[in-house]
Amino acid sequence: MATIEVDGRRYTVDERDNLLQACLTLGLDLPYFCWHPAMGSVGACRQCAVTQYRDADDTQGALVMACMTPAADGTRISIADDQARAFRANVIEWLMIHHPHDCPVCEEGGHCHLQDMTVMTGHHRRRYRFAKRTHRNQYLGPFIGHEMNRCITCYRCVRFYRDYTGGDDLGAFGAGDNIYFGRHREGTLASPFAGNLTEVCPTGVFTDRTHAERYTRKWDLQFAPSICHQCAVGCNTSPGERYGEIRRIENRYHGEVNRFFLCDRGRFGHGYVNRDDRPRRPEWRERAGKARVLEVDEALERGGEALSRARRVIGIGSPRASLESNHQLCELVGEANFSTGIAEREQACLARMQRLNRDAGLPTPTLRDIEAHDAVLVLGEDLIESAARLGLAVRQAVLGRREALAAERDIPAWNAEAVMTLAQDARHPMFIAYPTATELDALAEQCLHRAPDDIARLGFAVAHAIDPAAPAVEGLDEATKALAERIAEALLAAQRPLVISGGSLESPALLEAAGNVARALAGWERRGGLTLVRREANSTGVALLGGRPLEWALDALGGGEADAVVVLENDLYQRLPGERVARALAAAGTVIALDHQRTATWEAARLGLPAASFAESDGTLVSLEGRAQRFYAVYEPRYLRPETRLHPSWRWLQALQASRERRAVPDVTLDALTRACARRHPALAGIVEASPGAETRVCGLKLARQPPRYSGRTALRADLDVSEPPPPPDPDTPFTFSMEGYAGFDRPHREVPFAWAPGWNSPQAWNKFTDEVGGHLRGGDPGARLLAPAAGLGGHVDAIPPSFTPEAGEWRLVVLPRLFGGEETSSRAAAIQARSPIPALRLAPADARRLDAAAGDRLVVETALARITLALHFDATLPDGLAGVPAGLAPGLMTGDAARVTLAPRDEGGAP
Amino acid sequence: MTATRYRSRLHQAAPERRLETHPLTWWLHDDGRRVDLDDYVAKDGYGVVRQVLGREAPDDVTETLKAANIRGRGGGGFSAGVKWSLTLKGEGMPRGYLVCNADEMEPGTFKDRLLLEQVPHLLLEGMILGGYANASCYGYIFLRGEYVAAARALDQAIEEARAAGWLGRDIAGSGYDFDIALHTGAGRYICGEETALINSLEGQRANPRAKPPFPGQSGAWGKPTVVNNVETLCNVPAALRFGADWYQGLSGERSGDGGTKLYGVSGRVRRPGLWELPMGTPAGELLDRAGGLRDGRALKAWLPGGGSTGFLLQEHLDLALDFDTLGEAGSRLGTGLLTLVAEDQSLVALVRNLEEFFARESCGWCTPCRDGLPWAAELLRSLERGEGQPGDIERLEALAADQGPGKTFCAHAPGAAMPLASAIHYFRDEFERGIAGASEEVG
Amino acid sequence: MREPVREHLQSLASDGDGFVLDPDDRRAIEQERHHYEQPQAACIEALKIVQRRHGWVPDGAIVAIAETLGIGPAAVEGVATFYSLIFRQPVGRHVILVCDSSACFLTGYDTLRQALARELGLDLGETSADGRFTLLPVCCLGACDGAPALMIDDDTYGPVAPEDLAELLEAYP
Ligand SMILES: Cc1cc2nc3c(=O)[nH]c(=O)nc-3n(C[C@H](O)[C@H](O)[C@H](O)COP(=O)(O)O)c2cc1C
Ligand code: SF4
Ligand code: FES
């Protein structure tokens, strides 16, 4: 700790910070551009100038850049000093020389850091009277718009893109006052984190294209704290709504999870919420007939009656639905009749992961904590594809070596370029074993591209090398043995080794291998971590809640043991081969589907109840780090579309149950339901802590979902009715559907719908909500952790699989997760569809040659359960005998299944 | 008439030059031929390498140099010995690089060219000694791309030196390994700034780097790196051969800076060119040597050491041309090559030309320089056209003040500010005549 | 960036200018790498190698150099567009670099430039219609005692009087 003096007042600050960080942490307003809390300082923009005094007698002082000056003990500075103020005003004036006067039509307007800083410094008149320089813009893909004339050359975009994410297709071009940030040629930005440019850029150069066509100012968007539903990482988001549509998703700062950044699937994958074909009213379908729209009462009546008539009702839950909805379904059908809606193999993996989290001895680190690990072993995950934001955190972990080296030479961690220069290619060791190349390979010390069983064998061998008590692997080749030893050595040399595995390859052996490594490390009392990747937003939660696998449910229906089924937010056709699902649904007399998407399952249901999506409902999810987090409805759909009948699934299910029992629909709040769920499922007891509860008030007020200057409210519904109804009530959350309520930053609260503080309209306003810049929310970071290792280690597992040997004429499938297009709901969003690469079949070149096929040829992949035609892609890293197919195309194709691959007949079309 | 191929020339013929008084140029042939290895060795070239390597401890070499106080001839005037003593080396430290700054692009500067083209071995010898003192593993000569003849001369010299064992493994049986590569640039004045130069050497955009850490702590590829100017390094062999006292004695009473300086004069003078003279020689003496201004014009102003130094006047001609004296006079010695402005030449136009240069050559990293200098150039253009507006001069002064040291990321913009501020200071009326309507009023 | 970059590179390889790096140039570039700790350092020399052969650096060369050095095309383009002596547009057979810095400015740069403009019909930054000359400004050529100075290709001249030009240019057909 250091004591510094700012404008005559003394403060205690962290001496590892620079003065800018220190001042912002103290809540002092000091403008800046090139500095970013996650990316450190480079001293380029000169906006953060302050006057520094040599000692107590120095009255003159000299300008220094706060971001490049350590907050050393005894430092005396002034922010308010005239020369510093004048200089900062001049810096803005220079930055604005070429900046267009296009705020009224600029998509950054209203949440623009440049606007904020311009106002803060007081610049308002352009004295520059000469011609402006102009640039041409580029097409950068479906996500990001480009308007280079607005650039103020802070270099943040390239620093984020290249240094932070490792992307290499965005650069700074030109020199002098003619600098251009873009691609070397037009085209889609390749980084899956490109979307963060919209927040990293302090002005409107990079904007959200998915928002552009239906653009709304930040102050006219209604926000709620939400949780990304597009994978299991659990990033916190701030979706913004106008006119009953989600217009954009912004990062919501969480000090332990996503902090400043999201992946592009999460940011741009929300389009499914706005789809025109979404079911918005109950539908009734006679066998093979056309659907008929029902009113709610009739729908409930018919549904209740069908259920009460049924002999046995099966409930099929969903890992993409909230815990409350799953719990309510379980209540409706009874535990004995409840299925998780997850296919057997995946569920077995989930169960194993849950067990390993308990008994493998290593805790699950948070994303932030991952960045503090200093050796990483990844077994069987392509993190950028399966849990992108987690992959980005792993990247920072590996690069953490830079700061460690810099510290040895007294280079502060914030001196970003200097740290990179000193460290060059130095990295903490990382090892990745996966069937094919992954994007993180470039950072790894060594990679192994093998079949899942061989990856498991490597894992077992590593465990054995660390702890001889772990079973040895017989018949390992020399190279793998040496690799295992090197990995063991690196993990043991680390202060904080991290083991990452997961369910992507659906291999229990692989998970057990990871478990053995974790146990072996835990035996050494290292502060290690074990991260196990799950697939969907609530996979972890539903596994904790329990239930039988999907196959069981289908069998019960198909075999006539049950004659009715209620399917919760789950397209069964995405999970198991269509025929099998169809047979089971046909056999069931009654199929009731709840969903917010018009899926094949919905179309097969007798009764469809239109569920609210994450944007219109509240509930709890459990992320892969075992963090239970509450998401809150962003808007009330009926306010603007009175004809809609969307309700959270849990509410539909409550009503259905009441109707079945012929009683009135009870008035149960979400908090009560969450408590009931926690009581019923001891593993979920902690979820009641996930939300501060609907009763929460700040300064006696509910929290406003709408920013203070939300405009046009009286006109929003004018096409329906000129008299303005009161905002809808919201008994389930501490928020109002209006701008009436608390919207400030100074009273700590942990559920923040949108970041705003006076003078800070841009996402940089988050600095006002944290205890220190880049720290934790002053009101506490949202969520409650549920997974923790139990005392004692389970014994090592010795189910070591034999090595994979290819068989002539047969391929083993590996299903490869895909960030874009590999997830059910986001792949229904137009932007994601536009961004998804064309699916291809990956074969080792030698294998492909045996088929006499050339790259791009169409090949048929066939298993006992499924068949698909795909274009061939030579994959030189893939081992012989494996066939890589993209996830999300044909649910019948499963990793490990034997497949036949043949050249497609000429007339066969593409992928479905 | 036939246009002449340009060739660097020294205005001191052989008889005038002695090793003891002209350690840089004593080696030169009068006809400007390259001093090849045989010529060089014939005059005991590389003798200092033999004298020092393996015989004197690197730290002692640095001590001698510190005492000699060779101040950086790249324009900064920082003591080479002090720089070397601050370079990280020894136990646990990776061996780094010695980089010769041969980027010479400062407007009005043409001294390194002479040494590079005509005595490349002197530079190589200086580099070997510098490499030895700093425990460097490798040397680079960062040469501006336009110096084609110098590149040829250096290539040949490096070949010769390598063949003769002055470069490579176990130099002169000392156990010290050192080799040198020539790296040629691709334009841009900013490459001469030492940290930008390192970035450029690494094949990056030539943005400067933050200091600290200084190159001696973390330079090329993060290794300790010494960057010295050509002339600085060429001073090293003699300073080590004859010692610090001799070196200090070279400038005698004239200056405390020590040594000789390759001074030069350009502009509309009768005999522009180069002279090796004791450090601290007064500007007037140089002007005399250059034969005064052409056509008998009077002197209006002069720049003492390149475009990034401040203007001085006739009355400053008897100042000693050394770092401290000119610093006290509000300018800088810079590279020590004088640019003279005659009475009938427009200072507004010259400053406009300089600011256009600095604006064009800004790397574009920091705001005051990138966006402030082009604005200054615009204002100067309008003053030059007589279209200035009231307030423009104050704007220019403010712009110059905002490019001061510490306010910008590197010394490029402060260099641009110096001639601008000093010109307005001394010749304000000339600028005022550029304000629209001003001439009539004065009129 | 696995998928898209590969796609992107493939599309580049197949589209547009179909630039093929000359095998000698590729060898020379690979040779350059050995002078430095990191391949990126050979980037500027690589651009110069290509420029020596083609006179300028065509778009396709950016990608080819990036591949040869194992770095991203944006990094190569960032470097190519930073330096003033790397030409990202076609230039004439001969490039005339006119020094426009202070010493030359004081000794007749303007007249010289005007004479060049007259002689060649070119302003700074332009290339003659017959593709013979490109006229560009350059930082102080370090020939101030021979001011005004200019460079044609690898040759430096100074002082150059306007009346010298015609004969001087004849040597560069
Ligand atoms: C914009 C700028 C350009 C420079 N150009 C050169 C140059 O061309 N040659 C040079 O030796 N030093 C140049 N310098 C000075 C170098 O940064 C550095 O101080 C010098 O190379 C150190 O060597 P010395 O101590 O031997 O002078 C320049 C500095 C700046 C700020
Ligand atoms: S002052 Fe700034 S913009 Fe100018 S050259 Fe230096 S770093 Fe670049
Ligand atoms: S924020 Fe300090 S210089 Fe940019």
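**Exercise 1.** Determine which residue stands opposite Thr3(A) in E2(A) of this predicted model, and describe the pairing of the strands.

*Solution.* Step 1: the residue opposite Thr3(A) is Thr12(A) in E2(A). Strands here are DSSP runs of E with at least two residues, numbered from the N terminus (helices are runs of H or I with at least four). Step 2: E1(A), residues 2-6, and E2(A), residues 9-13, run antiparallel and share 5 bridges; two strands pair if DSSP finds at least two bridges between them. Step 3: the two strands form a hairpin with 2 residues between them, and Asp7(A) in the turn has a positive phi of about 50°.

The model is predicted: local features need pLDDT of at least 70, side-chain atom pairs count only at pLDDT 80 or more, and totals for chains, interfaces and linings use all residues. Residues are numbered from 1 along each chain as its sequence is written, chains are lettered from A and ligands numbered from 1 in the order in which they are written, and side-chain values use heavy atoms, with hydrogens and water left out.

**Exercise 2.** Identify the side chains of E1(A) that are buried, and find the partner of Val6(A) in E5(A).

*Solution.* Step 1: Ala2(A), Ile4(A) and Val6(A) point to one face and are buried, that is, under 20% relative accessible area (exposed is over 50%, partly exposed in between; 1.4 Å probe, protein chains only). Step 2: Thr3(A) and Glu5(A) point to the other face and are not buried. Step 3: E1(A) pairs in the parallel sense with E5(A), residues 76-78, over 2 bridges, and Val6(A) has Ile77(A) as its bridge partner there.
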